[in-house]
Amino acid sequence: MSYDQSEIDYFMSLAFQEAQKAFDEDEVPIGAVIVKDNKIIGRGHNQKEHSKIATAHAEKIAIEQANFYLGDWRLNGCTLFTTLEPCVMCCGAIIQSRISELYFGALDPKFGAVRSLYHLLEDSRANHFVLVHSQVQADRSAVLMQSFFKKLRGH
């Protein structure tokens, strides 16, 4: 499942397109895409504010789309590209769905459960291990998040 740099850049750009949708909808700008055999099978962006559903995170929405696409809860052989380090809930969904590989943008020091606060996806006590690539286009993610919170505060 190795990706070359141009493929990583392409799939991350699609995740950032999803994040921009969230930004435009006044949602925290996080976007995600799921890839299997170089095909997008799920995509999502944060929708908590508009849906009024606490679990409407980009990664979870993308996972659900991929589940429906494949007709299976197992996403073996799938890769998740997301613009920000996943939270505890999303890490649980990644593990439960058996996603094989994760590429993510900026670290999230307040909620990140992959590198910042916890290392849930690489915990040897779990029954599933995820290959993690962190801080992919992290600067781009950080700039988008900073822009959003400046906009939110009216700066």
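Begin by selecting Y3, Y10, F11, F81 and Y103, which ring pairs link into a cluster. The model is a predicted one, in which local features need pLDDT of at least 70, side-chain atom pairs count only at pLDDT 80 or more, and totals for chains, interfaces and linings use all residues. Residues are numbered from 1 along each chain as its sequence is written, and side-chain values use heavy atoms, with hydrogens and water left out.

Rings of Phe, Tyr and Trp (its six-membered ring) are paired if their centres lie within 6.5 Å; planes under 30 degrees apart count as stacked, over 60 as edge-to-face and the rest as tilted. By this rule there are 8 aromatic pairs.

Select Y3 and F81 next: this aromatic pair is edge-to-face, at 5.5 Å centre to centre with 75° between the planes. Y3 is in the segment before α1 (5-24) and F81 in strand β3 (residues 79-84), so that distant parts of the chain, 78 residues apart, are linked (helices, H or I of at least four residues, and strands, E of at least two, are DSSP runs numbered from the N terminus). Y3 and F81 are both buried, that is, under 20% relative accessible area with a 1.4 Å probe and protein chains only.

Keep F81 and add F11. The two form a tilted aromatic pair, 5.2 Å centre to centre and 40° between the planes. Because F11 lies in helix α1 and F81 in strand β3, this pair ties together parts that are 70 residues apart in sequence. The relative accessible area is 3% for F11, which is buried, and 0% for F81, also buried.

Finally, move to F23: K151 lies over the face of this ring, at 4.2 Å from the ring centre. A charge sits over a ring if NZ of Lys or CZ of Arg is within 6 Å of the ring centre and within 35 degrees of the ring normal.

Terms used
Buried means under 20% relative accessible area, exposed over 50%, partly exposed in between (1.4 Å probe, protein chains only).
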